[in-house]
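Here is a walk through one model, from its cysteines to a domain interface. Keep the structure open as you read.

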Amino acid sequence: MDSQKLVISPAPHVHGSNDTRRMMGDVLIALLPALLVSVLAYGLQALVVTAFSVACCVLVEWFIQKFMLKGASTIGDLSAMVTGVLLAFNLPANIHLGLVAIGAVVAIGIGKMTFGGLGKNPFNPALVARVFMLVAFPVAMTTFPEAAGAVTGATPLAMAKEALKAGVPVGEVMESVDLVAMSLGMKSGSMGEISVVALLIGFVWLLCRRVISWHIPVCVLGTMALISSVAWLASPEEFMSPIFHLCSGGAVLGAVYMATDYVSSPMTKKGMVIYAVGIGVITMLIRIWGAYPEGMSFAILIMNSVVPLIDKYVRPRRFGAVRNGK
Amino acid sequence: MESLVTTVLIVGGLGALLALLLFLVAKKFYVEEDPRIDEVEKMLPGANCGGCGFAGCRAMSEALVSKDDISALFCPVGGDECMKKVAGYLGKAAPEKEPMVAVVRCAGSCDNRPRNNRFDGAKSCLVASSLYAGETGCPFGCIGLGDCAVKCEFGALSINPVTGLPEVDDEKCTACGACVKACPKGIIELRKKAKRGLKIYVSCVNKDKGAVARKACKVACIGCGKCAKVCPHDAIVVENNLAYIDYSKCKMCRKCVVECPTGAIVECGFPPRKVAENDANSSNKVAE
Amino acid sequence: MKTFPIGGIHPSDCKEYSKSAAIETFPTPATVTIPLSQHIGAPAVACVAKGDRVLVGQVIANAGGFVSSPIHSSVSGTVVAVEPKADAQGNKKPSVTIAVEGDEWVDTIVRGGALKKNINLSKEEIVSKISQMGIVGMGGATFPTHVKLSIPAGKKAECLIINAVECEPYLTADYRVMLEQGEKLIVGARILAKAIGVDKIYIGIENNKPDAISHLQQLASAYVEVEIIPLKMRYPQGGEKQLIAAVTGREVPSGGLPIDVGAVVQNVGTALAVYEAVMLNKPLFERVVTVTGSQLASPKNLLVRIGTPMSALIDYCGGMEGVGKVIAGGPMMGRAVSNVDAPVTKGTSGVLLMPTEESLRNVEGSCIRCAKCVEACPMGLEPYLLNRLTQLGDFEQLEHHYIADCIECGCCTFSCPSYLPLLDWVRIGKAEVMKRIRERAAAKK
């Protein structure tokens with residue numbers, strides 16, 4: 001630029017260090033421990049699926065942006081990469097790569113770009129793809145390879161559900177489940193959901209970097225814990241314990257990484273709490289009484305659709321608002 | 001068989017019930033409305049541009065139907081023809097207005113008007129103009145961020161990337177006036193649409209003194225008044241160092257165009273002048 | 001430690017460039033251009049003409065109404081022009097241009113001498129003197145001080161808050177005044193307190209200036225009514241409403257004024273000017289200006305005569321080398337300058353030079369609904385929504401979402417990860433909504 005010409009712009013003239021790219025980068029970093037665990041559990045296959053999923057998502061976004069929306073490339077903001085990793089984390093490690101590609105097209109193409117790209121999608125793109133695949137390819141999506149150290153190929157949640165349906169008492173079911181091993185990653189499941197500990201390490205990172213606030217994850221997990229505790233205390237013979245619920249399936253992955261997706265979550269802290277409690281309730285309803293063993297993805301998608309309504313009616317606390325009775 | 005009957009009964013009954021409900025609601029909440037409003041609305045162009053001063057075509061139709069004297073109402077988009085049709089239908093006297101067209105009164109292109117700073121805020125003339133005087137030495141001229149083009153519902157305005165100025169497509173322009181309202185500098189004016197698209201106007205709104213204006217922009221009106229003196233029809237007034245051609249008096253003789261020392265008076269749509277004159281004019285413009 | 005209740009950001013304070021530079025008197029320039037509208041309200045009306053000789057401190061323009069302020073000459077010399085001159089934004093504003101000859105002061109001004117502590121004037125006399133001496137809010141808003149001191153009927157002031165926060169990054173003018181002229185500042189605050197009839201004075205200082213806090217605490221120990229309140233550093237603590245909330249815990253109601261919660265806020269620079277005006281008969285014709293920037297050779301805090309061209313200050317401190325943007329005021333709320341020859345006015349707290357590479361904004365992306373702006377807004381508004389509604393031109397909804405409460409602090413734009421120019425738009429929307437509110441009020445009358 002011509003150094004003689006002064007730049008004129010409205011205030012403020014400085015900007016915080018925060019930008020979309022940095023925040024998405026932080027999410028990717030936060031997902032690394034979980035990726036590591038899944039590689040340890042499932043071998044290189046896990047890495048291949050993740051890398052392929054990321055590549056597909058980025059490619060699809062680039063293609064649509066360039067040839068269909070005819071806009072400037074948006075892959076630099078890394079959001080497509082985050083969607084790619086999250087999608088992979090929702091898949092079994094031994095899934096056919098062709099299905100991954102389909103998932104990527106659904107996630108980015110249908111879940112995100114049809115609405116106009118980043119910031120305009122009402123639903124979490126990775127979850128749109130997951131649910132689509134769960135319905136379209138139920139067998140491929142629920143057949144998990146044996147993780148190193150895990151007992152069987154079925155997820156603990158699915159196992160428990162089947163067993164309870166068959167009338168096996170909870171005590172016996174619990175015996176077959178090693179909670180410590182489960183939380184470390186020695187269980188079967190989607191790639192990303194196997195290690196609660198690794199996911200929580202990422203959560204701490206996100207909190208430290210102020211990428212997300214604690215409200216959504218804590219309220220989702222808290223609600224789930226509360227409902228399962230009530231059920232469990234009322235009838236421990238019939239229902240699984242709250243710790244089992246929190247450590248199994250996509251509870252942590254969903255609460256920390258999927259429900260907190262900026263675009264599809266509410267704008268205010270109060271709204272976030274309502275949204276998160278809703279997710280927790282719906283998840284537990286599906287887990288306890290629904291047909292599917294896991295309800296996290298459905299719960300998040302359902303609450304995603306409520307977000308505009310929440311944003312309309314839940315407003316932030318305003319400075320100097322004249323409160324009733326004061 | 002039995003289940004079939006039950007199904008038919010339930011579905012049919014439900015349908016009948018809902019139909020009845022709909023009927024009752026429609027009856028109860030029926031709003032008495034002059035049916036002519038619908039008819040008039042159909043005659044209007046339906047652009048909902050607000051050029052008439054109403055919120056949309058519906059509001060305009062209501063006004064047309066309810067008022068006895070509609071001479072003050074005019075749809076710039078539909079023009080005379082449309083108004084005649086509406087007036088004929090309503091049996092009222094048609095308002096008459098000459099067809100108009102938007103004219104951008106600034107020729108401060110990048111060449112004519114050097115930039116001496118750089119605006120880096122939201123891409124909006126309104127934001128820039130509320131912040132400061134502008135990128136050039138001329139605080140009156142076009143900012144070039146295209147608020148007018150954004151507001152034009154008809155795609156008649158676009159910013160020319162070379163000159164940085166908006167250009168009006170006379171064919172598409174309906175003279176709805178949205179651009180006039182959108183321009184924070186008041187540069188755009190609705191002028192009479194002459195036959196064959198002929199136009200003569202002062203393409204400048206700078207009210208600074210001649211020397212200041214000229215320093216800021218090569219084609220600024222310096223308010224010298226030569227045009228006013230030469231005009232045989234008294235159509236030109238110079239006020240605040242700025243000439244203005246009254247389109248209702250202008251007879252398009254083009255004498256002022258030749259006389260203007262800075263080339264601030266612009267003519268459009270005329271056949272080329274005789275060679276000698278043309279040369280003199282163009283060399284004059286290049287030299288300035 | 002106290003602070004305001006909602007929102008806020010933590011920009012790096014960048015005060016290290018100029019904080020240790022003691023206030024230096026800037027030499028009187030050859031000519032000064034003094035604008036007639038250096039305050040909020042009606043412009044002053046010139047009472048000198050071309051050719052008149054004027055002295056330092058002589059009135060050259062009278063107040064144009066109650067909400068207005070007189071203007072005094074900052075130099076002695078001859079008036080060479082009374083005509084519109086381009087201001088820092090290039091807009092022509094009525095001004096008086098004076099060619100400087102010597103430095104002859106009006107003889108009523110007390111120069112030198114010891115600190116005067118005894119306040120002998122009555123309430124009314126203080127207010128009228130402050131009004132005559134052309135004192136305005138020197139934090140940047142330039143609201144005439146005597147108007148703020150005139151408590152409306154039915155309201156009662158309970159405390160005076162001195163705004164010593166200087167939360168704008170880079171600026172150190174107030175900080176230097178606190179260190180170097182602390183006692184005058186405290187006496188000035190006591191004068192202000194007397195004018196509004198209160199006996200409680202709080203001085204709010206952010207904890208990034210520990211030496212100023214301890215210095216003033218030491219000085220204040222001699223005055224029982226003065227209390228220094230250290231505040232946790234957070235922008236925009238210097239916003240009037242935020243400061244009141246931080247210090248007293250009371251929130252000015254939406255649409256209300258500080259006096260609704262019994263508070264009157266005055267800036268450090270204003271308190272000093274009030275001391276000089278009331279005790280020394282010295283009108284407001286000079287002020288401390290921070291000239292700073294990361295690449296400037298020698299950033300300084302200068303005592304500058306009003307009307308001195310900013311370019312002279314810049315040359316004095318190291319010049320325009322590598323400068324891409326000049327800002328009058330701080331980086332959060334200051335205004336970019338297109339005409340560096342424009343004069344320093346009563347509201348110019350600083351001249352900030354941004355290096356070329358920091359001058360341009362990043363390319364804006366699209367809103368990702370991250371809610372960082374909602375989190376940052378100290379007024380609890382929803383900037384993303386106001387931004388969108390302004391672009392849609394839906395002013396009814398804007399009003400419904402309290403855009404009129406916006407204090408234009410810039411936290412939203414600062415914190416937007418997509419570099420959206422939120423405040424650029426919100427400002428436009430607010431201006432339009434305020435216009436509509438005023439029109440409605442006028443129509444009611």
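This model is predicted. Start with C:C406. Its sulfur lies 6.6 Å from the closest cysteine sulfur, that of C:C412, which is too far for a bond. The cut-off for a disulfide is 2.5 Å between the two sulfur atoms. C:C406 is also buried, at 11% relative accessible area.

The wider search agrees: over all chains of the whole structure, it finds 0 disulfides. C:C370 is likewise in none, and the nearest cysteine sulfur, in C:C416, sits 6.2 Å away. C:C370 counts as buried because its relative accessibility is 11%, under the 20% limit.

Now turn to chain A. Its residues 20–141 form domain 1, while domain 2 is made of two segments, 150–177 and 211–313. Taken over C-alpha atoms, the centres of these two domains of chain A are 22 Å apart. Domain 1 of chain A brings 24 residues to the contact, and domain 2 of chain A brings 16 residues.

How much area do domain 1 and domain 2 of chain A bury between them? The figure is about 1,600 Å², with 76% of it on carbon and sulfur atoms. On the domain 1 side, A:F123, A:N124 and A:L127 lose the most area, together 28% of what that side buries.

What about polar links? The rule finds 0 salt bridges across this interface of chain A. It does find 4 residue pairs in polar contact there. Helix 1 (20–42), helix 3 (79–89) and helix 5 (125–136) of chain A each supply at least two residues of the domain 1 side. Helix 5 of chain A gives the largest share of that side, 8 residues.

Terms used: Residues numbered from 1 in each chain as written. Chains lettered and ligands numbered in written order. Predicted model: local features only at pLDDT ≥ 70, side-chain atom pairs only at ≥ 80, totals over all residues. Heavy atoms only, no water. Buried < 20%, exposed > 50% of the residue type's maximum accessible area, 1.4 Å probe, protein only. Domains from an automatic or database assignment. Contact = heavy atoms within 4.5 Å. Buried area = accessible area lost by both parts, 1.4 Å probe. Salt bridge = Lys/Arg side-chain N within 4 Å of Asp/Glu carboxyl O. Polar contact = N/O pair within 3.5 Å; in protein donor to acceptor, adjacent residues only side chain to side chain. Helix = DSSP H or I, 4+ residues; strand = E, 2+ residues; numbered from the N terminus.
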